[in-house]
Amino acid sequence: MKSLGLAVMEILGISLGVDRMHYKKYFEDGGSIMRCNYYPPCPEPGLTFGTGPHCDATSLTILHQDQVGGLEIFANNEWQIVRPRHDALVINVGDTFTALTNGKYKSCVHRAVVNSERARTSLVFFVCPREDKVVRPPQDLVQGERAYPDFTWSDFLHFTQFYYRADAHTLHNFTKWLSSSKTIN
Ligand SMILES: *[C@@H]1O[C@H](CO)[C@@H](O)[C@H](O)[C@H]1NC(C)=O
Ligand SMILES: O=C(O)CCC(=O)C(=O)O
């Protein structure tokens with residue numbers, strides 16, 4: 001999974017027109033988080049979500065869902081079903097990668113719905129930088145203002161674990177939180 005993540009990083013570097021090895025090298029000593037989600041059938045699926053709408057705070061998400069289905073992404077102003085395919089993985093950009101590209105790649109808002117009939121599982125692998133590494137876009141992607149300040153993955157992870165439940169505005173509110181805590185210090 002790690003080498004797959006690094007291979008995608010190389011492709012993303014190429015697509016952005018920066019040094020093709022830039023992101024691959026940056027994540028070489030990085031870490032990862034893996035999560036297995038189990039969603040039991042729900043008698044009233046219209047009243048809840050399996051996982052509410054959020055962006056992943058991490059950098060890159062590699063997800064596999066079973067054939068039951070339930071993953072949806074918010075794109076072109078509407079919720080769109082991500083049809084399960086047993087032979088495919090879903091790749092999502094997370095907030096930390098948004099910051100690393102100065103906002104060029106946008107993290108994707110997604111959610112998981114439940115259904116009344118069948119239990120569902122998904123397996124999710126999150127690619128992250130080494131915790132103490134500064135998250136900063138390459139100079140090529142900064143024309144004028146920086147979209148986000150410098151931070152470390154460790155700070156951002158801490159924010160989402162102790163102060164803020166990930167939603168569609170996590171990075172925005174983290175940035176605000178960072179600048180207010182700097183003022184206090
Ligand atoms: C996060 O930011 C959004 C957009 O500015 C705002 O509506 C929301 O209230 C914020 N949430 C928290 C918990 O600060
Ligand atoms: O179960 C899914 O398809 C989505 C899971 C998810 O968004 C997450 O674990 O962060």
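## R20 and the start of the chain

R20 sits in the loop that joins α1 to α2. The model you have here is a predicted one, and R20 is a handy place to enter it. With a relative accessibility of 44%, R20 counts as partly exposed. Setting aside the residues within four places of it in sequence, R20 touches E10, G13 and I14. The pair R20 and E10 is 10 residues apart in sequence, and their C-alpha atoms are 5.6 Å apart in space.

## Helix α1

Two of those partners, E10 and G13, also appear among the buried residues of α1, along with G5, L6, V8, M9, L12 and L16. The helix runs over residues 2-16, which makes 15 residues. From first C-alpha to last, α1 reaches 21 Å, close to the 21 Å expected at 1.5 Å a residue.

What do the buried residues of α1 pack against? Their partners are two helices, α2 (22-27) and α3 (95-100), and three strands, β3 (60-65), β6 (90-93) and β8 (120-128). Just after α1 comes G17, with a positive phi of about 70 degrees.

## Helix α4

Helix α4 covers residues 153-162, and its buried residues are W153, F156, L157, F159 and T160. Viewed down the axis of α4, these buried residues fall within an arc of 155 degrees, so they line one face of the helix. An α-helix has 3.6 residues a turn, so residues three or four places apart point the same way. On the other side of α4, Q161 and F162 are exposed.

D155 also belongs to helix α4. Is D155 buried, partly exposed or exposed? At 32% relative accessibility, D155 counts as partly exposed, since that value lies between the 20% and 50% cut-offs. D155 and Q80 are 75 residues apart along the chain, and 32 Å separates their C-alpha atoms.

## Strand β1 and G31

G31 is a residue of strand β1. Its relative accessibility is 34%, so G31 counts as partly exposed. Leaving out neighbours within four places in sequence, G31 is in contact with F126, V127, C128, P129 and R130. For one of these, F126, the separation is 95 residues in sequence, while the C-alpha atoms of G31 and F126 are 8.6 Å apart in space.

## The cavity

Rolling a probe the size of a water molecule over the atoms shows where empty space is left. Here the count comes to one cavity of 30 Å³ or more. The volume of the largest cavity is about 140 Å³. It is lined by 16 residues, and those closest to its centre are N37, Y39, H54, L63 and H110.

Which elements give two or more residues to this lining? They are β1 (31-39), β2 (51-54), β3, β7 (110-112) and β8. The most comes from β8, which gives four residues to the lining of the largest cavity. Sorted by class, that lining has six nonpolar, six polar and four charged residues.

## The pocket

The largest pocket holds about 500 Å³ of space. Among its 19 lining residues, the closest to the centre are R35, H54, D56, T160 and A166. H54 is therefore a name to look for twice when you inspect the model, since H54 is listed for the cavity centre and for the pocket centre, where a pocket is an open set of points and a cavity is one from which the probe cannot get out.

At least two lining residues of the largest pocket come from each of β1, β2 and α4. By class, the pocket lining has eight nonpolar, eight polar and three charged residues.

## Two asparagines with positive phi

Most residues other than glycine have a negative phi, and most peptide bonds are trans. N77 has a positive phi, near 65 degrees, and lies in the loop between β4 (71-75) and β5 (78-81). Its relative accessibility is 69%, so N77 counts as exposed.

N102 has a positive phi as well, near 55 degrees. The loop between α3 and β7 is where N102 is placed. Is N102 buried or exposed? At 10% relative accessibility, under the 20% cut-off, N102 counts as buried.

Key: Residues numbered from 1 in each chain as written. Chains lettered and ligands numbered in written order. Predicted model: local features only at pLDDT ≥ 70, side-chain atom pairs only at ≥ 80, totals over all residues. Heavy atoms only, no water. Expected span 1.5 Å × (residues − 1). Buried < 20%, exposed > 50% of the residue type's maximum accessible area, 1.4 Å probe, protein only. Contact = heavy atoms within 4.5 Å. Arc of directions from axis to C-beta. 1 Å grid on protein atoms, 1.4 Å probe; cavity = no way out; pocket = protein on both sides within 12 Å on 5 of 7 lines; lining within 4 Å. Points joined across faces, edges and corners; volume = space filled by probe spheres on them. Nonpolar A, V, L, I, M, F, W, Y, C, P; charged D, E, K, R; others polar.
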